[in-house]
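I opened this notebook to record, entry by entry, what I looked up in the structure and what I found there. The entries follow the order in which I looked.

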Amino acid sequence: EWSVGVSARLFDAMYKAGVSVRAMAQGSSEHNVSVVVSSKDEPRALRAAHASFCLSDQTISVGIIGRGVVGGALINQISQQRRKLKSQFGIDLRVRAIASSSKMLLASSEIDLQSWETTFNSDAVTVDLNEFSRHIYDNVSLPHAVICDCTASQDVSDNYEQWLRRGIHLVTPNKKANSGPMESYLHLREAQIAGFNSHFFYEANVGAGLPIISTIRDLLRTGDNFIEIQGILSGTLSYIFNVFDGSEPFSTVVAKAKAAGYTEPDPREDLSGMDVARKVVILAREVGMSVELRDVPVESLVPEPLQDQSQVTIAEFMDRLPDYDLELSAMASEAAAMGEKLRYVGVINVAEGKCAVELRRYPSAHQFGGLQGSDNIVLFRTQRYDAQPLTIQGPGAGAEVTAAGVFADLLRLGAYLGAPSATRYS
C-alpha cells in the first residue's frame, strides 16, 4: 500500500524549522524515510518531524518584549489559555523570555506565567536584545521561535530584519517598522524569504484586534481590487469627535478626554494626527501603494504655536488651548446645522495613489456619523464592495483587545507552522 505525501510533509517540517537535510533515502511506498541532519540540529529536527505528523504538539519558543499594559495582558491571556491550546489545538506555547526596556528574564525551559512578575523583579538581568534573541532561537530542542514585540520602540523594531533573517518569526502591534522608510519596509520582506520563509504578523498595527489587515489580504488574494479606504483609526479622536458638537468648547472636550484616560499623557500626540498617518501608510502599502510617511498630508489639530513639546509644556498646552477654540466650534456648529458631524479620518484613494489625514464632515446617517464611544471603523470600497462598502467596526484601542490581536497572530503562526486545524475532543 502506498503512502502519499509522507516525504513532502517531512521535508516541509524540516524547512519550516530551519533544518538542512544532508542526505535522504526512502522506499518506494514512503513507509520508510530516512534523513541525515547535523548532530546539532537533531533535537529540533526530531521535534519538528513529530509535530508534523501530529505525534507531538507544535511547540514554539516565545519571547515577549514589553511588560507594560499590552505585554502584561498578552502574558495573562496566554497563561489562561495555554492548557486549552495544548489539549485541544496541539499548540504548545512556551514563554521563555520576557524583557522590559532595561531588564530581561530568561528561562531554560519556560517561565511560570502565574508568578512571572515576582520572578522578573527578583531574577531579571540587564537587557541585551542580542542575547534575548539567541536564547529564544538557539534551544535546539524547540523547532520554532517567535518574538512578540509589544512596545512602540524604534530601537526594538530596528532588530526585525536580522531576526527574520535568522529564522525567528515576529508578531507585533508596533507600527514603527511598517510605517518607516519604504526601503526598510522592503528589506523586511526580503529578510522573510532569506530566513527560511520567516513569518511576520502585525494585525494589531491597525485597529488593535479588529481583522483589518487580514481582510485586506483576503480580498486581494481572491482577486478583488481596492478603490478607496476610509477609516476613523484613532480611538482617542473617535471619542473626542463623537462628543464634540459645538455645544461646548473643543478644549473642554479634550480636557475631559484626558481626565478620563482616553488620550496620551500629552494629548498633542493624539491631536497631531501622526498616529493615524502611520496607520494610513501601513494600509496603503498593504494594497500595493508605495508611499512614505512624509508624503501623507496631515491636518494637525494642535495649533502651530503649541506644537513644540520642548518649548510648551503639557500644562501650558492645556491652559492655552482654549485660545484656539473659535474655529473648531464654528466648524462643528455649521456641520450640525446641516445635519452633519465632524470626523477625523484617514483616507486612501487607491485609484489616484493619494493618501490624506484630515477633518471631514459626514451626514449623521453615514456609518461614520453614527459612530459611538471610542470605536474604530474602516470602510473598504472595492470592485466587489463598491455600492455598499465593506465595513469593519469595533474597539480599536485598549490593552486587552490589542493583546488579543497579538495573541491571534501568534495562533495564526502556529497554523502556518502546521498545527492541526481540527479541534481535539476527548
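Before the first entry I fix one cut-off for my own use: I call a residue buried when its relative accessible area is under 20%, exposed when that area is over 50%, and partly exposed in between. I also note at the outset that this is a predicted model.

**Entry on salt bridges**

I began with the charged side chains and found that the structure holds 21 salt bridges. I then looked up the pair R217 and E286, whose closest N and O atoms are 3.1 Å apart. R217 belongs to helix α9 (residues 213–221) and E286 to helix α13, so this salt bridge ties together parts that lie 69 residues apart in sequence. With the cut-off in hand I read R217 as partly exposed, because its relative accessible area is 21%, and since the limit for buried is under 20%, E286 with 12% counts as buried.

Next I turned to R381 and E228, which form a salt bridge with 3.8 Å between the closest N and O atoms. This pair links distant parts of the chain, with R381 in strand β13 (residues 375–382) and E228 in strand β10 (residues 226–232), 153 residues apart. For R381 I noted a relative accessibility of 27%, so I entered this residue as partly exposed, while E228, at 16%, went down as buried.

I then asked myself which residues are joined into one network by salt bridges that share partners. The network consists of D57, R82, K86, D92, R94 and E110. Within this group I looked up K86 and D92, whose side chains meet in a salt bridge at 3.5 Å, N to O. K86 is partly exposed at a relative accessible area of 33%, whereas D92 is buried at 2%.

**Entry on the sheet**

I followed the strands of an open sheet of 7 strands and wrote down their order as β6-β5-β4-β3-β7-β8-β9, with mixed pairing. Its edge strands are β6 and β9 (200–201), each of which pairs on one side only.

I looked at the β6 end of this order in detail. Strand β4 (residues 91–99) pairs with strand β5 (residues 103–106) in the antiparallel sense, over 3 bridges, and the hairpin that joins β4 to β5 passes through 3 residues. Reading along this pair, I found that A97 has L106 in β5 as its bridge partner, and that A99 stands opposite M104 in β5. Strand β5 is in turn paired with strand β6 (residues 125–126), again in the antiparallel sense, here over 2 bridges, and the bridge partner of K103 in β6 is T126.

**Entry on the nonpolar cores**

I reminded myself that in soluble globular proteins nonpolar side chains tend to be buried together. In this model I found a largest nonpolar core of 74 residues, in which I240 and F241 touch the most other members. Helix α13 (residues 274–286) gives the most to this core, contributing 7 residues. Leaving aside residues up to four places away in sequence, I listed the contacts of I240 as F250, V253, V254, A257 and L271. Apart from this core lies another one, of 33 residues, and among them are A73, V171, V406 and L413.

**Entry on the largest pocket**

I looked up the largest pocket and noted about 1,100 Å³ of space in it. Of the 39 residues that line this pocket, K175, E264, D275, K279 and A397 are the closest to its centre. The elements that give two or more residues to the lining are α3 (69–89), α10 (235–243), α12 (268–271), α13 and α16 (399–416). Which element gives the most to the lining? I found that it is α13, with 4 residues, and I set beside this the earlier note that α13 also gives the most to the largest nonpolar core.

**Entry on one backbone angle**

Most residues other than glycine have a negative phi. I therefore paused at A208, which has a positive phi of about 55° although it is not a glycine. A208 is placed in the loop between β9 and α9, and I entered this residue as buried because its relative accessibility is 3%.

Methods: Residues numbered from 1 in each chain as written. Predicted model: local features only at pLDDT ≥ 70, side-chain atom pairs only at ≥ 80, totals over all residues. Heavy atoms only, no water. Pairing = 2+ DSSP bridges. Core = buried A, V, L, I, M, F, W, Y, C linked by side-chain atoms within 4.5 Å. Buried < 20%, exposed > 50% of the residue type's maximum accessible area, 1.4 Å probe, protein only. Contact = heavy atoms within 4.5 Å. Salt bridge = Lys/Arg side-chain N within 4 Å of Asp/Glu carboxyl O. 1 Å grid on protein atoms, 1.4 Å probe; cavity = no way out; pocket = protein on both sides within 12 Å on 5 of 7 lines; lining within 4 Å. Points joined across faces, edges and corners; volume = space filled by probe spheres on them.
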